[in-house]
Amino acid sequence: MEITPAHYTVLSAALFTIGVIGVLVRRNIIIIFMAIELMLNAVNINLVAHAQQVENLVGQVFVVFVIAVAAAEAAVGLGIILAFYRNKETVNIDEMNVMRW
Amino acid sequence: MPAGFSTLDFYFILPELVLTGGALLLLLLSVTVPKQDGVLLGVTLVTIATTLVAVSAFAGLDETVSRGLLAIDGFAAFFKVLALLSAALTVLMSAPYLRVEGLKAGEYYFLILCATLGMMFMASGLDLITLFIGLETMALSFYVLVGYLKPNPRSNEAAVKYFLLGAFSLGILLYGMSLLYGATGTTSLAGISAALSGQETSAVLVLAVILVGAGMGFKIAAVPFHMWAPDVYEGAPTPVTAFLSVGSKAASFAMLLRIFVEGLPALAEEWKTLFWGLAVVTMTVGNIAALTQSNLKRMLAYSSIAHAGYLLIGVVVGTERGVASMLVYLGVYLFMQLGVFGIVTAMRRGDIIGDELKDLTGLFKRSPVVGFAMLCFMLSLGGIPPTAGFMGKMWLFGAAIDAGEIWLVVIAVLNSAVSAYYYLRVVVFMWINEDEPAGSPIAIGPTMAVALGVALLGTVVLGVYPQALFEYAQSAASTLDGITSSIALR
Amino acid sequence: MSNNANFPLLTLIMFTPLAGAVLLLFVNKNSTNAIRWIANGFAGLGFLVSLPLWFWLDMATPDWQFVERHEWIPSIGAEYLVGVDGFSSLLILLATLMGLIAILSSWTAITTRVKEYYIFLLVLQTGMIGAFVSLDFLLFFLFWEVMLVPMYFLIGIWGSANRLYSAIKFFLFTLVGSVVMLLGILAVYFYHHEVTGIYSFDITRFHQLNMPFDLQWWVFLAFFLGFAVKVPMFPFHTWLPDAHTDAPTAGSVILAAVLLKMGTYGFIRFSLPILPEATRAAVPWVVTLCIIGIVYGALVAMAQRDWKRLVAYSSVSHMGMVMLGMFALNAVGITGSIVQQINHGISTGGLFLLVGVVYERRHTREISEYGGLSKVMPAYAAIFLVMTMSSIGLPALNGFIGEILILQGIFVVNKIWAAFAATGIVLGAAYMLWLYQRTMFGTVDNPKNENLPDLNLREWATFIPLLILAVWIGLYPKPFIDRLDSSVVRVMMRVNSADVSLNAGAPGAGVQSPVVSSDLLTLDGDTGDVIELPVRGGAR
Amino acid sequence: MDLIWLIPVLPGIGAALNGLLGIRYFSKPVAAAIACATMGGALLLSIFAFAQLLGAEHREHVVTLAHWIPPIPLQTVDGLGAFEAPWAFRLDPLSGMMILIVSGIGFLIHLYSSSYMDHEPRGGYVRFFCYLNLFCFFMLTLVLGSTFLVMFVGWEGVGLCSYLLIGFWYHKKSAADAGKKAFVVNRVGDFGFVLGVFLIFFTFGTIDFREVAEAASQMPVESAAFGVLSTICLLLFVGAVGKSAQIPLYVWLPDAMEGPTPVSALIHAATMVTAGVYMVGRNAVLFSHAPMVMTIVAVVGGVTALMAATIGLVQTDIKKVLAYSTVSQLGYMFLATGVGAFGAGAFHLMTHAFFKALLFLGSGSVIHAMNDEQDMQKMGNMKLYMPTTFITMFVGALAIAGVPGLSGFFSKDEILAKTFVASPWLWGLAVVTAGMTAFYMFRLIFMTFFGEYRGPKWGGDAEGQADGDHAAAADDHGHDGAHVWHGPHESPKLMTVPLMILAVGAAVAGYVGIPPIIGDFVGVGNAIEHFLEPSFVAESAALAEEGEHAVAHLSHVVEFGLMAFSVLIAGLGIALAYHLYVRRPKRAVELAENWAGAHRVLTNKYYVDEAYNSTVIKGTMGSARGLWAVDRNVVDGAVNGAGWLTRALSWVSHVLDKYVVDGLVNLAAWICAEGSYIFRRGQTGLIQNYAVATLFGVFACATAFLVVRFMG
């Protein structure tokens, strides 16, 4: 069976869904963040596959930017999570509801 | 499209360069010259002012530069001015706040300038990649700014929420963008527009529209993507909330308009329907939820959600008049929203957080001028003449009527009537409740005075004589590509 | 254009009170007497500068007078366009007079936050006058809404027990009506642009517009909501009793005498001439509401135990009468309607003042708390009698002129309507006389009433103008009716041109006349209606 | 004659002077002098004007002072007309007669009052004269008005004055109530009147009496169909019924006796209540074109006459008897106009004005003498104490009873004769009434002036002074305990002189209208009817009708028979009264006991007041309260229209009422607030819930698109 861009798209969709589900069901902030990274990577796969399909490199360029931004995001995000952890001594997302209603 | 970059491209991004330079200088100064908050403030303001001058130097241009990545047009210029103005006012009202909270000023101003930089790119980006980069530049800065009160658990929590949900929505947005790229083979808005014209709408494209819409909806805090807003607004340092609710919202609307109006005119029917629904639920939920809030910042968050709903009317209309009216509204919104947050910021003094409604009790008695200013801002937010908010709303609703969106606008006016209730509640606390207020009187420092003065002036003057803004917005809107000049009545 | 001298009279009238308010800003809030003198002075000045409207008004011309036109927001075609005709000049005079009386009546009644109080009253005054002089629809709307805020504060800060509730109710009710009305305004605006290519809020242009019926109908509904809430017509009246009951005396007086007239003014100035077909189509509905309002207001008034609330419900009844005359759509009805607006201002304003006098002395409005006041306050009782009689339309007093014209006007349209409306005469007498009996007659049962002082000089001063007007209009209303001629003809030309021929060639006939034909536009293709572009929109 | 406008204006000036300055500054004599002087002036002017009118060739004179309501275009049946109302006054025979009556009797009553009201405190005294003058101003305006609207000014104005004067002793609840009742009942009549005026304008395009009459005379007589003229007349008649206290609106008049007696004499006997008759006469042309309405008028008049007379039979309050007598006599006048005898009606109006004013003033004199006692059961043998009053009142009673030679005889006989021609049935009613009239009038005379004195003791007698409510009532009237009553006494000259003048009038006034049967013998025609004739016909028709006039006359034999019969009946009435109240007083009590049911019904005035109270008034107040409840709860609550159930519940429950109801507005607000709480609850603070919301949004949008795209 030939692996076509369509297959990658399906893979990407699956990965994205896994990421989304991860975000929704996990309790640990770090893991949720990882799930978000999964979503971003699903996007990357999609972009690369489409780049292949439409025969230009824009998609791949986009991927580079997404990766870079994801890295920056990780840096900022982990910093924020760290600050949170320092105050609350927890990274459990259920305990993060001081502000509501 | 020129084959490569040229020095000319750098010339056109001069304002952004100035801003970046200023930001870097600030960072440098904050390390080398400690305890010089005044200097830092000065540098920030000068940077913003210089950028503003640079931006206005390009006013009137309508150029596509950097191989089609950036537009130097009136539309971009308008949003850049908005971003810079809101940054400047935020900075002005931040100065005393930082002192009270004991926060480091250098990084703070730096982050503000970075966010502003992102906003400027969001305003002029013509390519999904540019827009994405601009968006992230802004968002990353805000993640940090929201959590800038490091010892404060609320601030922490707000930052985490904003960050996680922001990243989550970014994923959705990017997924939508990738679908768009897949369907058209390009990330350039003009290219997408060209590729889609005449093409049958496919399910994938609809999905892409929905995902991109959802991603942008998150940024502008449209229901049901708004859930972060109240929490984040409440937890973030007040000036940051102000900046977030004005600058970020305006820039996101700029990006939204770029993507949908310039990039996806072929799918106009789909996204107009989408935003129609979003507009209705956004303003309704925003207003109704705001009715019973007792925390001022939280109430303003819902009010800001509701305003996003009104602004979406302009998107739904999608005509030049619609866009122009949005720009007017955003311009007006800047003054009144920043003004309100300025006052809430000023309420933070000594041991008093000052963001509860009851903290406003007797405000008018304590300091009549602030009370009067707050009255003006509240009336303006409620859209009651002779304040700027009325002119903004009037013109926004007018555009919708012109486009035949009668039901949308009926819902909107009813909403705006409902909103008057909670804005007046603030007024009741300030003006009518006679109980003796607690705490020390409000001291308005010089920078805060300037910020509030500008906001008040803008709110009142634009309410009585909005001609300049109308004209400016009109000309800015007309430079947006792919805009239709008018839709026949009915 | 007559009276179009270079002197900006209307602007002066409009902004004199505002100038007073601004001046008051700089007065120390503790020097209350200075504040009172300044406020009264500016109110008096405001009345004085408005007097030229009476003496200089040219009754012979159909044109707008004292017109001032300046650019305002050219990009949307909004202008600072003010001007008056007989109708609005009378309402302005009423507003300046009642404003003066209201301010004068507050001298001792208001002791807290005096400065703010007078500032709000003066700002309110500017808002009211502004709405009456605006010939630009947007400008009108601006003033229309501006009035809400000071009134809100007047009720909310200086009102009685339930003041916050009443204030917000007043505010929201009116706001809902007016925002919907704004939509109607915008619809007309865009339609005007569509057929003429000109962006303008100039109502003299709108008065020449022939809109398709469907659009007219929707716009009519939008206008109706805005104006009917203000009038207030049944069933939009529920804010009124609350607002009146809880407002301070001056607030009630202004509310009854002037603010309610905004609604009827709006109908006559905007709804009727801009939307003639829809108006004609709406007549049965509106009249039904009017009649219900007349009877209903009177009956509900009868059941009241609160003095002010009773008068408030009588307002509902009277304003129903005013609306009824208007929707007779003939000259007599509309003239009567306008005259009755003035009359209602005088008599109901007077009645609220009267309630205020005893309220200030006794701090209660319960009717049962009073009784036998004739004995302790004979002068008060006498004035109350005159106002009561004026209110129930006793001939030779002002109320009669309005009522008889209105009823005669509606009678020729439909006899049954007139018969139903005329029951208001009987009921009006019943509840007012009963009120009079319960408060003025009988023995002084309540010891607290035994030593009430009669009217003092200042209070006399507030009533004398009203008494004079009541008798003047009752005996010789000609000067008032004469200056309404051109206003009425202007409306009639649009809604019922068959009934104006008597005056053709005389005042107002010119309204219809020459128009340019070079730009004849056909609308809607299928209807083939021709719109005539205004050459002189009356006020060039 | 151009100065006729001064006739009403003079008393108006008097009222203004007394009202504006007098209450504060004038002493009693000054106020009375001003009032009497202005009335005297009006009387002189009236006499002068009347004399000129007699001498004039054309007996109609209109004076237009100014525009009142300037012309305004208005659609009428005949196309576009103009609604206008000038301040115009008309002097013609009818109004000439009326101004004489009004200013003449008015003047006398002013004089009388200056003494009668003397025990009022100064403020009240001046106020009284102010009102009295004001009344005369309006009454003269009414009769002189040349258009319906000017007449209406007077019409409503006299109503107001009646209200004020009935309620003059406002501290008495009954007085205040009676005043209000009079006004409101009159307003019911006015309701008809104004509608009639509207219809008149709509039909004729004018509201000027003469023009309307001319136009109406050109229209066919509506004997077959109930057309527009009939409608007009019916509506006008509703107004007349209210003003002139006919069935079913007569209830206010007996209550109006709460006012001071001069007021009763002037307003509720001589002048105001006859305004209805005057108005019908004024519109004789209209009415004669509407025979069906004429029938109604006649029947209403006849039935009222009888019914009021029956009630009058048993009343013991001296003024109530006179009040019902007035209602009854007014019924007579309507009967006359109803059968087309406008002249006879007006004639009776005039004679009635004399004798009824006389009787009222006489009764006032008695009441005055009895220290404000009005119950005839507590009087008796008063002829001993006050001979002048007795003699004058006796003359009045003879006149009203229709004893030949006195005024009432002529006018009543005229009416009876004309009625007989029209309908023997009505004639029967009228004759029975005449008998009753004679009976109750002499019952009054006998109970008051004859027999034993049954009143309270007087002098230094403390018991007499402290005698129950009577003394209290006296105090109420402003005696303040300082005034000590010295027993019944003749009234002062200022009171008796008017009585004498009126007695002369009551005796001789009838000679202006000698019936042809007698007149033919002595060679004198019926002067007054001939004189008034021009007022009752259209100018164009006046000449034409000259000839056919005699046709309606009866043969002399029949007429003489009728006359004799009515005199006989009257005599029987008097005799019966003498029998029951002088010779065998116990018999009257026995009769009342034997016929207890009927007696109770009559003393309670057929329970009409009670019926009105339980229907009209209760109904109105009930609906008023109900509507208010509706207003508080429903309309207010119905803004969103969703509150029916809530409202029903809250009706039952005050608690619910507080929180849910005050209406729909609050309901809407409540819904918003609840919605607000719901939305707030959604804001759980948990990130994942927020993410779910986001996803939900995406899916919702996608689903919506899918549905629209693939299903739709």
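Two strands count as paired when DSSP finds at least two bridges between them, and the tour of this predicted model starts with a pair of that kind. Select strand 1 (residues 65–73) and strand 2 (residues 78–84) of chain C, which pair in the antiparallel sense over 6 bridges. The two strands form a hairpin with 4 residues between them, and Gly77(C), which sits in the turn, has a positive phi of about 80 degrees. To find the register, pick His70(C), whose bridge partner in strand 2 of chain C is Tyr80(C).

Move next to the hairpin of chain D, where strand 1 (residues 61–76) and strand 2 (residues 79–91) run antiparallel and are joined by 12 bridges. Here 2 residues lie between the strands of the hairpin, and Leu74(D) has Gly81(D) in strand 2 of chain D as its bridge partner.

Staying in chain D, select helix 3 (residues 93–116), which contains His110(D). Is His110(D) buried or exposed? His110(D) counts as buried because it has 27 C-beta neighbours inside 10 Å, where the cut-off for a buried residue is 20 or more. Leaving aside residues up to four places away in sequence, His110(D) touches Ala35(D), Cys36(D), Met39(D) and Leu132(D). Add Leu266(D) to the selection as well: 156 residues separate it from His110(D) in sequence, while the C-alpha to C-alpha distance between the two is 9.2 Å.

Return to chain C and display helix 6 (residues 137–146) together with helix 8 (residues 163–196), whose axes come within 11 Å and cross at roughly 175 degrees. That angle makes helix 6 of chain C roughly antiparallel to helix 8 of chain C. On the side of helix 6 of chain C, the residues to show are Phe137(C), Phe141(C), Trp144(C) and Glu145(C), and they meet Ser178(C), Leu182(C) and Ile185(C) of helix 8 of chain C. Sorted by class, this helix contact has 5 nonpolar, 1 polar and 1 charged residues.

Now colour by chain and turn to the interfaces. Which chains share the most contacts among the 5 pairs of chains in contact? They are chains C and D, and their contact takes 53 residues from chain C and 49 residues from chain D. On the side of chain C that touches chain D, the elements that each supply at least two residues include helix 13 (276–302), helix 15 (331–362) and helix 21 (478–495) of chain C. Helix 19 of chain C gives the largest share of that side, with 12 residues, and by class the side has 34 nonpolar, 14 polar and 5 charged residues.

For another interface, select chains A and D, where 11 residues of chain D are in contact with 11 residues of chain A. Helix 31 (664–682) and helix 32 (687–711) of chain D are the elements giving two or more residues to the side of chain D that touches chain A, and helix 32 of chain D gives the most, with 5 residues. Chains A and C, by contrast, are joined by no contact, and their closest C-alpha atoms lie 25 Å apart.

Finish by colouring chain C by confidence: the chain averages a pLDDT of 85, with 91% of the residues scoring at least 70. Over residues 501–540 of chain C, however, the pLDDT is below 50, although this stretch has 72 contacts in the model beyond near neighbours in sequence. Where pLDDT is low, the predicted coordinates should not be read in detail. For the model as a whole, the scores are ipTM 0.85 and pTM 0.87.

Key:
Residues are numbered from 1 along each chain as its sequence is written. Chains are lettered from A and ligands numbered from 1 in the order in which they are written. This is a predicted model: local features need pLDDT of at least 70, side-chain atom pairs count only at pLDDT 80 or more; totals for chains, interfaces and linings use all residues. Axes are lines fitted to C-alpha atoms, for helices over the stretch in contact, and angles run from 0 to 180 degrees between N-to-C directions. Angles under 35 degrees count as roughly parallel, over 145 as roughly antiparallel, 65 to 115 as roughly perpendicular and the rest as oblique. Two residues are in contact if their C-beta atoms, placed from the backbone, lie within 7 Å. Ala, Val, Leu, Ile, Met, Phe, Trp, Tyr, Cys and Pro count as nonpolar, Asp, Glu, Lys and Arg as charged, and the others, Gly among them, as polar. pLDDT is the predictor's confidence in each residue, from 0 to 100. A residue is buried if 20 or more other C-beta atoms lie within 10 Å of its own, exposed if 12 or fewer, and partly exposed in between; C-beta atoms are placed from the backbone.
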